[in-house]
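Here is a colleague's note on internal cavities and on the strands around them. Please read the points alongside the coordinates.

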Amino acid sequence: MGRLFYIVLASVSLQFGCSSSDSDSLSSSASEYGLTEKPYTSLQQVWVPNEPSPEVRAMMDDGTFTVYQHRQYAQNGLGTRLEQGLPWIEHLELAPEFLVQGAQRSSLAYILVLADPQIIDEESPIRMDGYANVYRPGGQLTPQVFEANIRTARRISDRSSRPFDFAIIAGDLTDTSQKNELDWMITALNGGVIDPDSGADDDPVPGPGNDYNDPFLAIGIDSPWYVALGNHDVLHVGGFGLIDGALRDAAQGDRLFTGSPLSKVWAGYVAGDTADHQVVLDASVTTPPDPARIPLNETELLQTLYEAGGAPVGHGYSPEDIAAQKSYYSVYPVADKPIRMIVLDSTDAAKNTPLGSMDEHQFTWLHEELVSAADQHELVIVVSHHRLQDFHDKRKVSGEMVKDLLVSSDNVILHLTGHGHRDRKSLQTANGEGGFWELMTTSTIDFPMQSRVLELVDEHNGYLSIYVTNVGHNSAATTLASKARQLAAGKLAFGTTFFDGDTVAFWEDEVQAQNLLLRVALPDDISSNLATISDWPDTVESIHTLSHF
């Protein structure tokens, strides 16, 4: 892959503004992180969080062991263990008369779903690491973790009879809404060298590939990819304030930002030259400035995604969308097939809230898209960052209104979401009839750091089967991404914004929504339309590939 590596490296060098000498330095020091010898999904094995012993829990409760003491996680028993995999759990709520799968089956779509990468520039002076609930002891390794998830998915795709038809990331692409964070995420998807450092050129552990600021090689997903926007992409750390001029200036500067009421209390960032990633809470301490840290406004965000390279051009956005600051779109992600993906913008930057929202204009557009899809007898997948229950209850368009609209269209089969950093499933119906499945995918920033592989299978008997398989990154034990998983499991025991710290209860809920087999009765017009197409793949990858690792 030598020639390809240097072509990609040259492209990345232009993206990051590197000189030729900088490129030579990156190429000589960039590591390629390895995976386990054998691939696996959560059908084969899963990483399970350890529950703290009563003694350790008492230390956590009385404050003698805090979330910031991450060097003591392992010795106090925090981390993970490997356990046997989880089978698909079949659900027949939307197909109560389903008996057996069809003798002839067609794979309509093979999809990679990720949510909430929240790529972190840990050295940014506008971070809020003084707030224990949002502090991540492995946050400085989010570029490596996201790339490990993509690398794992790429290995699965390469070993399948066909690549993923497309990938979708359900919002919160970055944690601090910064240009450099978004660039790292894009490079992980497209391939190239990621240098996850900002400010000074830090090497806290001398040598290549052994610390969080070392450059590394991303191999890319090699499939078309699309995104939805999340609250972290349009607000200060997801909801701590607006992206205004003062915040943009501070992010590029050399002092801890304390210019908002919440930042005065919780501001903090990681000193990038410290091997144990120490948190700086003192506003008098200086840090090397960096213009690449600038938080993006909506126009800049959409423009960056449009110009990201890779397939498809624009990743769902058009120049007209950018000019109109329209962050929602509709596409046909499987070429020449009657599957429409409607990607919503559920963010509310104007009101400075992390909750879901939709204005009346987007609601009208959504209705028109659904009518058009029904007229053309298409299957519909809806994507948004927020679940319907996570919508703000004081807006003109409520989550209940959106649900009722989606339920009224019997060709809507899935609503894919993120935001909650958990695996969740919810059956959305009206009066117990009809409806669709809403699936939340866990974040790659928090444990269990998984993605989902979805496959839509036409049974040719009036039913659709939706295989949902979770995949944890297959990082080798010595990699930084593997270290990050241990730290994330340890943080879980302390609790987060989304979770109270009971790891046993956490896992009991997780296993109910990870690997699923959802049966759905198809409307007659949809079945007839699908039957008019003769070139559907007949290999069901979930059966022939994912379950056979």
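1. For the class counts used below, Ala, Val, Leu, Ile, Met, Phe, Trp, Tyr, Cys and Pro are taken as nonpolar, Asp, Glu, Lys and Arg as charged, and the others, Gly among them, as polar. The model is a predicted one.

2. Searching the whole structure for cavities of 30 Å³ or more returns six. The largest has a volume of about 80 Å³, and the second largest holds about 60 Å³ of space.

3. What lines the largest cavity? Its wall is made by His 421, Arg 422, Asp 446, Phe 447, Ala 488, Lys 491, Leu 492, Thr 496, Phe 498, Phe 499 and Phe 506. By class these residues divide into six nonpolar, two polar and three charged. Helix H13 (residues 480-494) supplies the largest share of this lining, with three residues.

4. The second largest cavity is lined by Tyr 40, Thr 41, Ser 42, Gln 45, Val 46, Trp 47, Pro 448, Gln 450, Gly 472 and Arg 485. Here the classes are four nonpolar, five polar and one charged. The largest share, three residues, comes from strand S1 (residues 45-49).

5. Strand S1 deserves a separate look. Four of its five residues are buried, so the strand is mostly covered, with buried meaning under 20% relative accessible area. S1 runs antiparallel to strand S2 (residues 80-84) and is joined to it by five bridges. Val 46, one of the residues lining the second largest cavity, stands opposite Glu 83 in S2.

6. An open sheet is formed by seven strands in the order S3-S19-S18-S17-S4-S5-S8, with mixed pairing. Strand S3 (89-94) and strand S8 (225-228) are at the edges and have a single partner strand each, so one side of each lacks a neighbour in the sheet. From one strand to the next, the twist averages 20°.

7. Within this sheet, which way do strand S4 (residues 106-114) and strand S5 (residues 166-170) run, parallel or antiparallel? They run parallel, and four bridges join them. Leu 112 has Ala 167 in S5 as its bridge partner. Helix H4 (residues 142-159) packs on the sheet, where it touches S4, strand S17 (450-458) and strand S18 (463-472). The direction of H4 makes about 165° with that of S4.

Methods: Residues numbered from 1 in each chain as written. Predicted model: local features only at pLDDT ≥ 70, side-chain atom pairs only at ≥ 80, totals over all residues. Heavy atoms only, no water. 1 Å grid on protein atoms, 1.4 Å probe; cavity = no way out; pocket = protein on both sides within 12 Å on 5 of 7 lines; lining within 4 Å. Points joined across faces, edges and corners; volume = space filled by probe spheres on them. Helix = DSSP H or I, 4+ residues; strand = E, 2+ residues; numbered from the N terminus. Buried < 20%, exposed > 50% of the residue type's maximum accessible area, 1.4 Å probe, protein only. Pairing = 2+ DSSP bridges. Axes fitted to C-alpha atoms, helices over the stretch in contact; angles between N-to-C directions. Contact = heavy atoms within 4.5 Å.
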